[in-house]
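Subject: Two-chain model, handover and notes

Dear colleague,

Here is the structure I said I would pass on. Please keep it open while you read the notes below it.

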Amino acid sequence: MKKIALVLSLIMCFVCFAGCSDSGKTVLRVYNWGEYIDETIFDDFEKQNPDIRIQYETYTDNETMYTKIKNSSTAYDVLIPSDYMIERLIQEDMLAPLNYDNIPNYSMIDEKYKNLAFDPENKYSVPYMWGTLGILYDETLVQEDTFTWETMFDAKYENSILMKKDMRDALGIALKTLGYSFNSTSEKELTEAKDKLSSQKPNVAGYVNDDGMDKMIAGEAPMALMYAGDAAYCISENENLNFAIPEDGSNLFFDSMVIPKNSTNKETAEKFINFMCETEIAQRNADEIGYSTPHVEVYNALPEDVRNSFAYPDEAVLDKAEVYLYLGEEVTNLYEKVWSEFLASL
Amino acid sequence: MKVKKSLYMVALFPFLIWLILLVVVPLMLIGYYGFTNAAGIFSFDNFHQFFQPDYLRVLWRSLYLSLVATVFCLLAGYPVAMILAGNTFRKKTLLVVLLIAPMWMNFLLRTYAWLTLLEGNGVFNTILQAMGLPKQSFLGNTNAVVFGMVYNFLPYMIFPIYNSISKIPKNILEAARDLGGGNATCFFRIILPLSVPGIISGITMVFVPGVTTFVISQFLGSGKVTLIGDIIEQQFMHAGNWGFGSAISIVVMVVVVVCMWLVNRFSDDSGVMMP
């Protein structure tokens, strides 16, 4: 009898401890693009704040993130969407205004990345990274004097191109090739863009998201549509690769950290955002993922060759680039309709 | 008797709850979303959007590729099922383990593993090159997708057929032999007709998941072969257009049910083959 009691009490203890080990902790839910953070930073944050546990999830594009937070009951605490998506979230009243007293490191962000058009008073977002869209190519296989978006539609590149399976990026470059804006709202132009993309199929080796990076590093394809930051990472792994920002004008994007309105740990989320802006952390992160930093001290500490690389293009390139705008629900639905018709045409 | 019946009900209760929550309610929701527009008013808009050449072609492609995969599974699976059910092959346990072992691994991982084998600089191409042969692009076409379906669904064809063949009483076959029936006669007039129920459930278990798959086409088709499952996934996960996604799901369900009904009709007729 005594033995049974002993075993039972041991079991009770075990169950208690198992239950206790996590229950005291605040869970911080971070939802970010895939391959877009140095995940060892989470360990540092948890070490510094033993009462916080980070639960990390990733998405492949802004639209997937939006659909998830709109329909899911999960309350995320920190999101890192892009400009036009932040604009949409603000318009739909889905973000919480930030308390900058809790984010003193916000002062480290370069003024030129503050108060941008998608968040004009900078009430909701802290810049995370920025970059451009361009063409990553294998120098041994692709020789071009100048790159334009049309290069990706050139018939000589049969079965050679990895296209991004991202609605705004793919339709965007098709629109641009046709001489329209990345932010076109015309049904006629979008239909033309769809047909243009469908006509590109013989050139395409695959429609990819982040898996395109591994494929380029492994030399699976000579050319890919890619964000500058991902391209920098690929180049660091495979020296045959190079990156070009097309002459006819690129997309310029700003990804920022925001807190959704239904977050239950707003202060913890602000603490995390502040942590991400600490110079040492922001530097490690930028080094690892290859994207362009909006952080003054991190930028100043960059080696000369990085500052002169495509990651920080000069004014002439940036002037020609367009930032995506949120085009309203009706036009967004039109984009979605055209995009799924395009996918169906494959 | 009455007591027994209520006992049955109690035993059934957990399953009934499961059935209602996870089958009936979702089906009703899909019906609701499919037949209403964004404003929640009854309409056929979603179906109207679906019935246009591009989407119909995707549906047709899904049915066709799945049918091809089913035929391959049947041709490859039937002999294996016969070997398993027969007495001539001694290492049956080993064969069963080899067939089942891959199913212990996650379906996604298994399909992903094929990428490493088939890609441009993958294992197969390295071997081809070592033998002085030119590189092949295995991925990104319908063959790769059919291959993926056959690979993943083959066991679902083999085991139902094996079951029905092994249930055939040995004395029927012995009687046939006594009456002078040869191998061919025994197979076509006894084994094949009596294994039809297994074939039917094998076809169902391969064809239906084949029609609705989206992972295989995304991985092995490199996103270049869109199946109807891809479109449905796109509507729910990306576009947030549940109405359209539900409408496509309803169309696919109706088509699949009709296909299965036809297959079952055929199997009833085939009973005539029995002497």
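The notes below go through chain A, the contact between the chains, chain B, and then a few single residues.

Please bear in mind throughout that this is a predicted model.

Chain A overall

Chain A contains 14 helices and 9 strands. Its radius of gyration is 23 Å, close to the 20 Å that the globule rule gives for 346 residues, so chain A is as compact as a globular protein of that length. The C-alpha trace of chain A spans about 80 × 45 × 45 Å along its principal axes. Of the 346 residues in chain A, 43% are buried. If contacts in chain A are restricted to residues at least 6 apart in sequence, 79% of them join residues at least 24 apart.

A sheet in chain A

Chain A has an open sheet of 3 strands, in the order β2-β1-β3 and with parallel pairing. Its edge strands are β2 (52-59) and β3 (78-79) of chain A, each of which pairs on one side only. Strand β1 of chain A covers residues 26-33 and pairs with β2(A) in the parallel sense over 8 bridges. Within this part of the sheet, A:Val30 stands opposite A:Tyr56 in β2(A). Helix α9 of chain A, residues 266-276, lies across β1, β2 and β3 of chain A and runs at about 50 degrees to β1(A).

Domains of chain A

The chain is divided into two parts, neither of them continuous in sequence: domain 1 of chain A takes in 25-130 + 253-313, and domain 2 of chain A takes in 137-251 + 319-344. Taken over C-alpha atoms, the centres of the two domains of chain A are separated by 25 Å. The contact between them takes 20 residues from domain 1 of chain A and 18 residues from domain 2 of chain A. On the domain 1 side, helix α4 (residues 83-91) of chain A gives the most, with 5 residues. By class, that side of domain 1 of chain A has 9 nonpolar, 5 polar and 6 charged residues.

Contact between the chains

What does each chain give to the contact between chain A and chain B? Chain A gives 23 residues and chain B gives 22 residues. On the side of chain A that touches chain B, the elements that give two or more residues are α3 (62-71), β6 (204-208) and α14 (328-344) of chain A. That side of chain A has 8 nonpolar, 8 polar and 7 charged residues.

Chain B

Chain B is also split in two, with domain 1 at 1-34 and domain 2 at 49-273. The C-alpha centres of these two domains of chain B lie 30 Å apart. Their contact takes 4 residues from domain 1 of chain B and 6 residues from domain 2 of chain B. On the side of domain 1 of chain B, the residues divide into 2 nonpolar, 2 polar and no charged.

One residue of chain B is worth a note here. B:Ile100 has its place in helix α4 (residues 92-104) of chain B. It counts as exposed because it has 12 C-beta neighbours inside 10 Å, and the class takes in residues with 12 or fewer. B:Ile100 and B:Pro155 are 55 residues apart in sequence, yet 7.4 Å apart in space, C-alpha to C-alpha.

Single residues in chain A

Most residues other than glycine have a negative phi. Against that background, A:Asp93 has a positive phi, near 60 degrees. A:Asp93 is found in the loop between α4 and β4 (126-138) of chain A, and A:Asp93 is exposed, with 8 other C-beta atoms within 10 Å. A:Asn122 has a positive phi as well, near 50 degrees. A:Asn122 is found in the loop between α4 and β4 of chain A, and with 18 C-beta neighbours inside 10 Å A:Asn122 counts as partly exposed.

A:Ile217 lies in helix α7 (residues 211-217) of chain A. With 16 C-beta neighbours inside 10 Å, A:Ile217 counts as partly exposed. Leaving aside neighbours within four places in sequence, A:Ile217 is in contact with A:Cys234, A:Glu237 and A:Asn238. A:Ile217 and A:Asp145 are 72 residues apart in sequence and 23 Å apart in space, C-alpha to C-alpha.

Regards

Terms used: Residues are numbered from 1 along each chain as its sequence is written. Chains are lettered from A and ligands numbered from 1 in the order in which they are written. This is a predicted model: local features need pLDDT of at least 70, side-chain atom pairs count only at pLDDT 80 or more; totals for chains, interfaces and linings use all residues. Helices (H or I, at least four residues) and strands (E, at least two) are DSSP runs, numbered from the N terminus. A residue is buried if 20 or more other C-beta atoms lie within 10 Å of its own, exposed if 12 or fewer, and partly exposed in between; C-beta atoms are placed from the backbone. The radius of gyration is taken over C-alpha atoms; the globule rule is 2.2 Å times the number of residues to the power 0.38. Two residues are in contact if their C-beta atoms, placed from the backbone, lie within 7 Å. Two strands pair if DSSP finds at least two bridges between them. Axes are lines fitted to C-alpha atoms, for helices over the stretch in contact, and angles run from 0 to 180 degrees between N-to-C directions. Domain bounds come from an automatic or database domain assignment. Ala, Val, Leu, Ile, Met, Phe, Trp, Tyr, Cys and Pro count as nonpolar, Asp, Glu, Lys and Arg as charged, and the others, Gly among them, as polar.
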